[in-house]
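I sat down with a new structure today and kept a running notebook as I went. Here are the entries, in the order in which I looked things up.

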Amino acid sequence: MKLPIDMDAIKGFMPEGEGQALAEAARNAPAETPALEVGSYCGKSAVYIGTALKARGGTLFTVDHHRGSEENQPGWEHHDADTWDEEAGAMDTLPFLRRSIRLAGLEDVVIPIVGASAHIASHWQTPLGFLFIDGGHSIEPALADYNSWTPFVCAGGTLAIHDVFENPADGGQAPFEIYKLAIASGLFKETSQAGSLRLLKRL
Ligand code: SAH
Ligand code: MG
């Protein structure tokens with residue numbers, strides 16, 4: 001898939017190969033229902049998914065409180081000082097997300113929702129044809145994302161989980177734990193993988 005902008009200009013954690021696999025899965029997901037992403041950060045994955053959906057008139061809701069995950073905080077491995085909002089005394093990645101969406105021409109396709117994932121999910125009612133979980137990567141938020149959002153995935157819909165590492169030496173285990181929960185539930189079947197991205201289909 002051809003991308004509308006240079007992806008290196010967007011901060012974030014989505015290698016090209018995984019982004020393209022994500023886009024292809026989004027394009028092939030049931031079209032009657034919207035897509036939703038947990039963990040927008042600066043919009044890298046949203047631009048992949050949104051570009052895939054634009055061609056067929058789809059919509060991606062992207063959820064983030066924009067205050068960063070644990071590993072994005074000052075002093076941690078994935079902190080980026082540009083994202084620090086001095087007045088707020090906290091990170092704020094929303095301006096970066098809006099910029100990415102605007103530059104990619106996706107303002108009519110990618111709709112940001114700003115707030116805590118489980119809070120938003122508690123008011124959500126719409127079935128999803130595509131769900132991408134890439135929010136908090138410690139066990140509590142990952143489990144909360146799994147429990148609060150996966151019930152919305154419609155039959156035939158896709159559940160995508162990022163940063164799944166079977167070997168603890170390669171990365172944190174929370175995304176792998178929810179991936180295992182999805183398989184063990186008997187409700188999802190793995191269809192493919194790319195890097196740390198796992199793609200599952202709702203049976
Ligand atoms: N998908 C992005 C990367 C997401 S990084 C990309 O492709 O670049 C994870 C994001 O999840 C962070 O921006 C963080 O603010 C957000 N996040 C973590 N826990 C959250 C929660 N409980 N509710 C909402 N957002 C959360
Ligand atoms: Mg990720």
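The entries below go through a metal site, empty space, rings and backbone angles.

**Entry 1: what kind of model**

Before anything else, I noted that this is a predicted model.

**Entry 2: the metal site**

Which atoms hold the magnesium ion (ligand 2)? I listed the donors as D134 (OD), D134 (OD), H162 (ND1) and D163 (OD), at 2.1 to 2.8 Å. D134 therefore appears with two OD entries, and I kept in mind that water is not among the atoms, so the site may look incomplete. Along the sequence I wrote the spacing of the donor residues as D-x27-H-D. I also checked burial here, and both H162 and D163 are buried.

**Entry 3: the largest pocket**

Next I turned to empty space. Rolling a probe the size of a water molecule over the atoms shows where such space is left.

How much volume does the largest pocket have? I got about 890 Å³. I found 41 residues in the lining of this pocket, and S69, E71, G135, G136 and H137 lie nearest its centre. I then asked which elements give two or more residues to that lining, and they are helix 2 (44–54), strand 2 (60–64), helix 4 (117–121) and helix 5 (139–149). Helix 5 gives the most, with three residues. Sorting the lining of the largest pocket by character, I had 13 nonpolar, 19 polar and nine charged residues.

**Entry 4: the cavity**

How many cavities of 30 Å³ or more does the structure hold? I found one. The largest cavity has about 40 Å³ of space. I wrote down its lining as I133, D134, G135, G136, H137, A142, I161, H162, P175 and I178. Two names there were already in my notes on the metal: D134 and H162 line the largest cavity, and both are donors to the magnesium ion (ligand 2). G135, G136 and H137 were familiar too, as they line this cavity and are among the residues nearest the centre of the largest pocket. By character, the cavity lining comes to five nonpolar, four polar and one charged.

**Entry 5: aromatic pairs**

I searched the whole structure for aromatic pairs and found five. I took a closer look at W124 and W149: the ring centres are 5.6 Å apart and the planes stand at 65 degrees, so I logged the pair as edge-to-face. This pair links distant parts of the chain, with W124 in the loop between helix 4 and strand 6 (128–133) and W149 in helix 5, 25 residues apart. Both W124 and W149 are buried.

F176 and Y179 make another pair, with ring centres 6.0 Å apart and planes at 20 degrees, so this one is stacked. Both sit in helix 6 (residues 174–184), and because they are three residues apart, about one helical turn separates them. I have F176 down as buried, at 11% relative accessibility, and Y179 as buried with a relative accessible area of 11%.

I also followed ring pairs from one residue to the next, and they link F61, W124, W149 and F152 into a cluster.

**Entry 6: charges over rings**

Y179 came up again here: the charged end of R198 sits over its ring, 5.9 Å from the centre. I noted a second case, in which R202 lies over the face of F188, at 5.9 Å from the ring centre.

**Entry 7: backbone angles**

Most residues other than glycine have a negative phi, which is the reason I went looking for exceptions.

Where in the chain does Y41 lie? I placed Y41 in the loop between strand 1 (35–38) and helix 2. Its phi is near 50 degrees, a positive value in a residue other than glycine. At 11% relative accessibility, Y41 counts as buried.

H66 is not a glycine either, and I read a positive phi of about 65 degrees for it. H66 lies in the loop between strand 2 and strand 3. Is H66 buried or exposed? H66 is buried, with a relative accessible area of 1%.

**Entry 8: an exposed loop residue**

My last stop was A81, in the loop between strand 2 and strand 3 (84–85). With a relative accessible area of 57%, A81 is exposed. I paired A81 with M91: they are ten residues apart in sequence and 8.7 Å apart in space, C-alpha to C-alpha.

Note on methods: Residues are numbered from 1 along each chain as its sequence is written. Chains are lettered from A and ligands numbered from 1 in the order in which they are written. This is a predicted model: local features need pLDDT of at least 70, side-chain atom pairs count only at pLDDT 80 or more; totals for chains, interfaces and linings use all residues. Side-chain values use heavy atoms; hydrogens and water are left out. Donors are N, O and S atoms within 2.8 Å of the metal (3.2 Å for Na, K and Ca); water is not among the atoms, so sites may look incomplete. Buried means under 20% relative accessible area, exposed over 50%, partly exposed in between (1.4 Å probe, protein chains only). On a 1 Å grid over the protein atoms alone, a cavity is a set of points where a 1.4 Å probe fits but cannot get out, and a pocket is an open set with protein on both sides within 12 Å along at least five of seven lines; lining residues have an atom within 4 Å of a point. Grid points are joined across faces, edges and corners, and a volume is the space filled by probe spheres set on the points. Helices (H or I, at least four residues) and strands (E, at least two) are DSSP runs, numbered from the N terminus. Ala, Val, Leu, Ile, Met, Phe, Trp, Tyr, Cys and Pro count as nonpolar, Asp, Glu, Lys and Arg as charged, and the others, Gly among them, as polar. Rings of Phe, Tyr and Trp (its six-membered ring) pair if their centres lie within 6.5 Å; planes under 30 degrees apart count as stacked, over 60 as edge-to-face and the rest as tilted. A charge sits over a ring if NZ of Lys or CZ of Arg is within 6 Å of the ring centre and within 35 degrees of the ring normal.
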